[in-house]
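Hi,

Here is the structure I promised to pass on. Have a look at it first, and my notes follow underneath.

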Amino acid sequence: MSFKEFDILIVGAGIVGLATARALKIAFPKSEIGVLEKENEIAYHQTGHNSGVIHSGIYYAPGSQKAEFCLTGSKLLKDYCVSKNIEIDACGKLIIATDASEEKSLNNLMERGKSNGIKGLQFLSKNQIQDLEPYATGSKGIYCPTTTIVDYKVVSQYFANDCVDLGVSIIKNSEIHSIVYSDNKTLHLETLKDTFSTKNIVNCAGLNSDRIAKMMGLDYGVKIIPFRGEYFELSENARKFVKGLIYPVPDPRFPFLGVHFTKRIDGSVEAGPNAVLSFSREGYSRFSIDLIDTFETMKFLGFWKMARKNVRTAVSEQMRSLIKPIFLNSLRKLVPEISSKDLINRRAGVRAQAVDGNGKILQDFYLIKTKNSVHVLNAPSPAATSSMAIANHIVKTVKESFVL
Ligand SMILES: Cc1cc2nc3c(=O)[nH]c(=O)nc-3n(C[C@H](O)[C@H](O)[C@H](O)COP(=O)(O)OP(=O)(O)OC[C@H]3O[C@@H](n4cnc5c(N)ncnc54)[C@H](O)[C@@H]3O)c2cc1C
């Protein structure tokens, strides 16, 4: 099949790729813009396997892109959902400290939230925690009223509909396996059956974003290390234990939030996710192994450096994944009445977490530009929340750098 030559091709129809395609077409209505997606549906990977939270931005280091994009992105996203009648629920979030050392971290979190300009944050006493969430327990809490829930697959479908209405081509079943230059200006993206030509690329390939950059001969010294996040659903009887979102105080060394309770927009409640090393970038079962993915991880020095620094955490996360009572114990620190029979229907998502050659887990988003490409090389949580702000940032970059 032959295709027209594109001005910009976006690789990946997750929420970041779709938000970006939409924003680019609005900014450059005359340009030919397309999205290539390897699956036969949109939002299949991270976007379709997440917790569905529109984060407030309390967690992220002041001045970071995560803080900036989460704050602006959450507002843009909520306004978009309202304008399209997409169901959201501003149920708010409770973050709970259970001992003195966690209270210290909770106080730091409050300072962070205030520096980031999060509105309405409030400390809660033990009794106030129980007024809000009668089954939760903790010595001190933070209530964050702006945290909201949504279904990101639904949002992505709306972004995709906008794209199609605006004239963006979304081409599914198109896995890019190589990228070649024919002259200094044209890039050819090859799939098994077709070749797509374009002047510029925006790489939003999530779990494969490092590989797409590498296909263009670019190596920024970071590799995607996949971290699976496993959830249980709470049985219908146990839903009464959780009214909204109940989180522990996160370990500031990691970009993961600790196992928590999440009310979903369909009324179900989930418990999780943990964060375990995955032996497959798209492995949704505990037993998924992909030899190529595993080999790539193992030959990356940064992985071994990261592993050496975090052996204890890695082992305890693996144990929590393998032994259900350990998972349950983490949950019972927040809601003691939960029992094993309440945890049903295990499922998982895989996070695309970039790690550098020194073994540092990148805490912030990481976007790189060249004269004809933008690469989103680290966009784990809260990138779904931030998707419209990331898209606007990419539009700005394209205006500065690309020739269309
Ligand atoms: C367990 C879990 C919970 C999370 N919870 C939240 C949350 O509550 N709130 C929040 O804001 N964020 C959350 N996140 C993070 C959020 O889901 C991601 O940051 C976001 O979905 C990233 O979107 P993306 O478009 O970059 O990636 P993806 O959704 O992974 O999309 C990338 C796309 O690229 C395609 N692709 C890959 N390689 C190729 C190729 N070679 N050729 C063509 N196409 C390709 C893939 O098929 C995929 O569709 C969570 C993530 C996980 C895993």
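**Notes on the model**

Let me start with G221, which sits in the loop between α6 and β12 (222-234). Keep in mind throughout that this is a predicted model. G221 counts as exposed, because it has 11 C-beta neighbours inside 10 Å, and the cut-off for exposed is 12 or fewer. Setting aside neighbours within four places in sequence, G221 is in contact with D356 and G357. There is also a longer-range pair to look at: G221 and F300 are 79 residues apart along the chain, and their C-alpha atoms are separated by 9.9 Å.

**Domains**

The domain assignment splits the chain into domain 1 (6-47 + 153-221 + 364-401) and domain 2 (93-147 + 223-356). Taken over C-alpha atoms, the centres of domain 1 and domain 2 are 29 Å from each other. Twelve residues from domain 1 and 13 residues from domain 2 make up the contact. On the side of domain 1 that touches domain 2, the elements giving two or more residues are α6 (209-215) and β19 (373-378). By class, the residues on that side of domain 1 are four nonpolar, seven polar and one charged.

H375 is worth a click while you have β19 on screen, since that strand is where H375 lies. Is H375 buried or exposed? H375 is buried, because 23 other C-beta atoms lie within 10 Å and the threshold for buried is 20 or more. Beyond its neighbours within four places in sequence, H375 is in contact with N203, S209, A213, L218, L367 and I368. One of these contacts, L218, is 157 residues from H375 in sequence, with the two C-alpha atoms 9.8 Å apart in space.

**Around the ligand**

Which residues come nearest to the ligand? Of the 40 residues around the ligand, they are G12, G14, G206, G349 and A383. The elements that contribute two or more residues to this shell are α1 (15-27), β17 (343-356) and α11 (383-401). Sorted by class, the shell around the ligand holds 18 nonpolar, 17 polar and five charged residues. Domain 1 and domain 2 each supply at least three residues to the shell around the ligand, so you will want both domains displayed when you look at it.

**The nonpolar core**

The largest nonpolar core has 111 residues, and L18 and I246 are the ones with the most contacts inside it. α11 provides the largest share of this core, eight residues. As with the ligand shell, this core takes at least three residues from each of domain 1 and domain 2. If you want to pick out I246, the residues it touches, not counting those up to four places away in sequence, are L94, I96, E133, A136, H260, F261, L334 and V335.

**A hairpin to finish**

Last on my list are strand β9 (residues 178-181) and strand β10 (residues 187-190), which pair in the antiparallel sense over four bridges. Five residues form the hairpin connection from β9 to β10. For the register, Y181 has L187 in β10 as its bridge partner.

That is what I have for now. Over to you!

Conventions
Residues numbered from 1 in each chain as written. Predicted model: local features only at pLDDT ≥ 70, side-chain atom pairs only at ≥ 80, totals over all residues. Near = placed C-beta within 6 Å. Nonpolar A, V, L, I, M, F, W, Y, C, P; charged D, E, K, R; others polar. Contact = placed C-beta atoms within 7 Å. Core = buried A, V, L, I, M, F, W, Y, C linked by C-beta atoms within 7 Å. Pairing = 2+ DSSP bridges.
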